Amino acid sequence: MSALTVVRAGGSQLFAPDPARDGRFVVKARWIECDNLPGAHPLHSVQFFHRQMNEEVDSLEASAQALADFPNAPWELRLALARQCSDEARHARAYRAQVERRGGHVGQFPVLNFQYRIITAQDDLIARLAIQNRSFEAGGLDAIAFGIGEARARSEHELADFYEAQLADEISHVRFANTWIRKALKDDPRTALRIGAAMNRAAEAFRQVMGTEGTEGVEYPAAMAARRDAGFTEEELQHLLELTTAAQAAEREKPADRTAAVV
Ligand SMILES: [Fe+2]
Ligand SMILES: [Fe+2]
């Protein structure tokens, strides 16, 4: 059990227990406890891909846990979750290949399982979709779209091609979540209150894991086209654009010498 054990805020759980990891892995609870190598370090990219690999496994495990925890969910939603499991497994394998291609190995760096622990702490499937797909993965759309341009600029075309394929998959994950969340809101408008409460818990949990260290300077431009494809409305996109523009302006006013990655 890691240092961040099951914590309750206002009677609600912030973190579920860690998912299982075999003896190759060292599991940490907070970003600050990880290696977090600087961008100029020779192992920086190995560490980055190792982190991505474990995050994809977390996403696979969270979707698989949803299938196990909500056996009576509509069949079409369960099918979408099962497809997501398959996609995330493919992404994890691809990131593992990137690690090994650079001479790294599974378990080389400590890992965080904050996504799984935050998502599966919620006992409401719609809330889980809002946190996992509509928040974490939607943020991932921005990061991946940014990564495509970076990889192309470095002439790493194979990596850029993988990112493009991954982006298409992640768009579909965000889109089906948006579809089911909108349906749930239409069926029962009080769903908005449940989602809001769950998002507040997730934000508090995320703050505890990442601290200010893990999120400073990590603002990607909003991938507007990808988010539009993923089912966000024009109003939501406009709101997001205002938020990211403000965050980037605030970031420019600070001395910037750090690198961190969150997908
Ligand atoms: Fe993925
Ligand atoms: Fe995904």
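**Helix H6 and the nonpolar cores**

In this predicted model, helix H6 has a set of buried residues: Ile195, Ala198, Arg201, Ala202, Ala205, Phe206 and Val209. These residues sit on the same side of H6, because they cover an arc of only 140 degrees around the axis. The pattern fits a simple rule: an α-helix has 3.6 residues a turn, so residues three or four places apart point the same way. Flip to the face of H6 turned away from the buried side, and the exposed residues Ala192, Leu193, Gly196 and Arg207 turn up.

As for its length, H6 runs over residues 191-210, which makes 20 residues. From first C-alpha to last, H6 reaches 28 Å, close to the 28 Å expected at 1.5 Å a residue. Just after the helix comes Gly211, with a positive phi of about 60 degrees.

Now for the nonpolar cores. The largest one holds 47 residues, and the members that touch the most others are Ile118, Ile126, Ala130, Ile131, Leu141 and Trp180. Two or more residues apiece come from helices H1 (44-69), H2 (75-101), H3 (114-119), H4 (125-153), H5 (157-187) and H6, and from strand S4 (111-112). H5 chips in the most, with 11 residues. Set apart from this core is another one, of 8 residues, including Val57, Leu60, Tyr95 and Val99. In soluble globular proteins, nonpolar side chains tend to be buried together.

Ile126 is worth a look of its own. Leaving aside neighbours within four places in sequence, Ile126 is in contact with Trp180, Ile181, Ala184, Thr191, Arg194 and Ile195. Of these contacts, Ile195 is also one of the buried residues of H6.

Note on methods
Residues are numbered from 1 along each chain as its sequence is written. Chains are lettered from A and ligands numbered from 1 in the order in which they are written. This is a predicted model: local features need pLDDT of at least 70, side-chain atom pairs count only at pLDDT 80 or more; totals for chains, interfaces and linings use all residues. Helices (H or I, at least four residues) and strands (E, at least two) are DSSP runs, numbered from the N terminus. The expected span of a helix is 1.5 Å times one less than its number of residues. A residue is buried if 20 or more other C-beta atoms lie within 10 Å of its own, exposed if 12 or fewer, and partly exposed in between; C-beta atoms are placed from the backbone. The arc is that of the directions from the helix axis to the C-beta atoms. A nonpolar core is a set of buried Ala, Val, Leu, Ile, Met, Phe, Trp, Tyr and Cys residues joined through C-beta atoms within 7 Å. Two residues are in contact if their C-beta atoms, placed from the backbone, lie within 7 Å.
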